[in-house]
Each structure stands twice: as C-alpha cells, then as structure tokens.
Amino acid sequence: MCNPLLDIQTTVEKSFLDKWGLKENDAILCDDKHNDMFTELTKDFTVEYIPGGAAQNSLRVAQWILNSPNRTVFFGAVGKDQYGELLATKAKEAGVNVQYQINETVKTGTCAALINGTHRSLCAHLAAANTFTQDHLQKEENQKIIEQAKYFYVTGFFITVCPPAIIQLATHSAEFNKTFTLNLSAPFISQFFFDKLSEIIPLVDVLFGNEDEAAAFANAHGWETTCVKEIALKAAALPKKSTKPRLVVFTQGPEPVVVVEGDKVTEYPVTRLPKEEIVDTNGAGDAFVGGFLSQFIQGKGIEASVACGSYAAQEIIKKHGCTVPSVCKYH
C-alpha cells in the first residue's frame, strides 16, 4: 500500500535543482511553489513518463523476479484519467494485481524524477494519491485479499496520506501472526511525521531504510549516533507488539547492507558497479526491497533475500527510472 504516481523523468543541471530548492538524492512532497516547475519540465525538457510510486515499483520488481503473475496486490488511489489508466496497464503488464481507489474529481499523482549525474531528486505531487480512505479496505473483495495475504508492505510515504489504513493492516497482520513490513522512505517522514510513525513501529516486523533515513530516524528519537549499525540495533530493540524479533535492513548505496535480527548485526557486501554502467539511481531502493521480498516471502532466508535485493537494485541502476530488463537472469 502506497502512493501510485506517474514519474515525469528528465535530466537536469544542478542549477535547476537549486532554483527550485531541491537536493540531490532526496525525496520531498512538493508545495505550491513547485507548480510552475512541473509546467517548465513538460514545456522545456524532453521528459519520459514512467510508472512510479515506491511500493508499486517494489511490487513490479518482485513480480519480474517471481515470474508468476498476481503474487502481489497493490492498494492506492488514482484519478479517473489517462495517467491512472497508464499506471494500471503498466502494473498489470508486470503481473501486479492493482486494486486502486478511483477518485472521480482529483487527477492522478505525479512525481518529478530529476536526474543529475548519478543522483536523483524526487518531488511528488500526490493529488489523487493523497485522497485514499480506509473504507477502500473494507470493501468485501479487498477484505478477502487482506485475509489471503501473508505479507504486507507499506511505505513511510503513505503515513502522510492515511495512517488508519496502515494501522488496520498492521494490526490484522499481528493478530494472525503474519509479517508486516515498513519502509522509512525518506528523511522527512521521521522529521515531520514522527508521532504517526511511532504509533506504527511496534507493529513492524521488518523495517527497511537507507543510511540517510536511518540518520533522520535516530535524530527524531534523540539517539546521538550516526553509526548505521548502532541505529539498526536500537531500531530492532524498540518495543514490539508481537514476540517475533524485529528485522532491520538498512542499505547504504555501494557500502554493505546492514541487517539486524534480534541483537545480531550482519553486514552483507555489495558489488560496486563500474561508474560507466550507472545510468541513474532512481528506483534503486525500491528495487532492493522488491528483490528482497521476492525471496523472503518464499522463506529463502536473509542472505538470499539481501543478495536478490542487491541484484535487483543493480539492474535498475543500469536503466532509466524503475524499469526492468525484459528477462530476469537471477534464476
């Protein structure tokens, strides 16, 4: 469950990011001052329209690796328009069963994905995605899906939209001894939505994030450390509703993936790609989660899950946006 967005992707100079108050390798929600930026992008730049939205990206990647359609279902809100139809088509082609809540009056959300060298800056205009309501989960057909599901994945981005829906899924998961996974998603979630995030954390079985998100999470807790291993240990030890130990998985770009299970820290090295193979890093984190979950839901263990996550991230980095090659060579 997350925000389904259509990425409007293009390459820009650092001066363009500075002009609109954007940082490299960051993700923010746009405000009114960015409206003209979207106009400028579509008018003056050559843009690509790529299906986006963090969790939807992860599910498309997981489906690509699993190579068995409809192993995943996606909840989120879109508008009744061409962009919404495009998102649905692309997701279904990838094997994801999308169950969108359709808003008749608000347009489908978009995200400016601005590439500068090997960096990416994301600026999301949520629009319809921001209108998701919990009653969509109460529909009979969606209740059946929730009952059948064994694993749940929600992004921190969705905390800005509909926390009650997240709590509903997480509570159901805990009650029936299923697995609920959450991504910290971006530093601003810990910085500005910490109270809501803190309500959800006790229900989280697997927590994902990168080094910047881990640092923001630590800062919000008042932990005086920037050591990713230390933050992962502290995050794993936070109070939890069920007795299942919490798994924390923090990526660090080309540096090792830090995993904490209970009180045990393991670092998994990442193979560095040659600079000339790196096209852009947009979607790399989403792809890692997709690869990880594709193995984790099959009970393949953490080492295999991390290896597949790293494989998926590397494949995505070699292409523009979160797009996968036609053939998955992982098998």
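Here a biologist and a modeller chat about aromatic pairs and one helix in a predicted model.

Biologist: Why is the pair of Phe16 and Trp20 called tilted?

Modeller: Rings pair if their centres lie within 6.5 Å, and planes that are neither under 30 degrees nor over 60 degrees apart count as tilted. The centres of Phe16 and Trp20 are 6.4 Å apart and the planes sit at 55°, so tilted is the word. By that rule, the count comes to 15 aromatic pairs.

Biologist: What makes Phe208 and Phe292 edge-to-face?

Modeller: Their planes are at 85°, and over 60 counts as edge-to-face. Centre to centre, Phe208 and Phe292 are 5.3 Å apart.

Biologist: Which parts does the pair of Phe208 and Phe292 tie together?

Modeller: Phe208 lies in strand S10 and Phe292 in helix H12, so the pair links parts that are 84 residues apart in sequence. Phe208 and Phe292 also belong to one aromatic cluster, with Tyr151, Tyr153, Phe288 and Phe296.

Biologist: How do you know whether Phe208 and Phe292 are buried or exposed?

Modeller: Buried means under 20% relative accessible area. Phe208 has 2%, so buried it is, and Phe292 has 0%, so Phe292 is buried too.

Biologist: Now helix H2: what puts its buried residues on the same side?

Modeller: The buried ones are Met37, Phe38, Glu40 and Leu41. They cover an arc of only 160° around the axis, so they share a side of H2. On the other side, Asp36 and Lys43 are exposed.

Biologist: What do the buried residues of H2 pack against?

Modeller: Strands S1, S6 and S7, plus helix H1.

Terms used. Residues are numbered from 1 along each chain as its sequence is written. This is a predicted model: local features need pLDDT of at least 70, side-chain atom pairs count only at pLDDT 80 or more; totals for chains, interfaces and linings use all residues. Side-chain values use heavy atoms; hydrogens and water are left out. Rings of Phe, Tyr and Trp (its six-membered ring) pair if their centres lie within 6.5 Å; planes under 30 degrees apart count as stacked, over 60 as edge-to-face and the rest as tilted. Helices (H or I, at least four residues) and strands (E, at least two) are DSSP runs, numbered from the N terminus. Buried means under 20% relative accessible area, exposed over 50%, partly exposed in between (1.4 Å probe, protein chains only). The arc is that of the directions from the helix axis to the C-beta atoms. Contact means heavy atoms within 4.5 Å.
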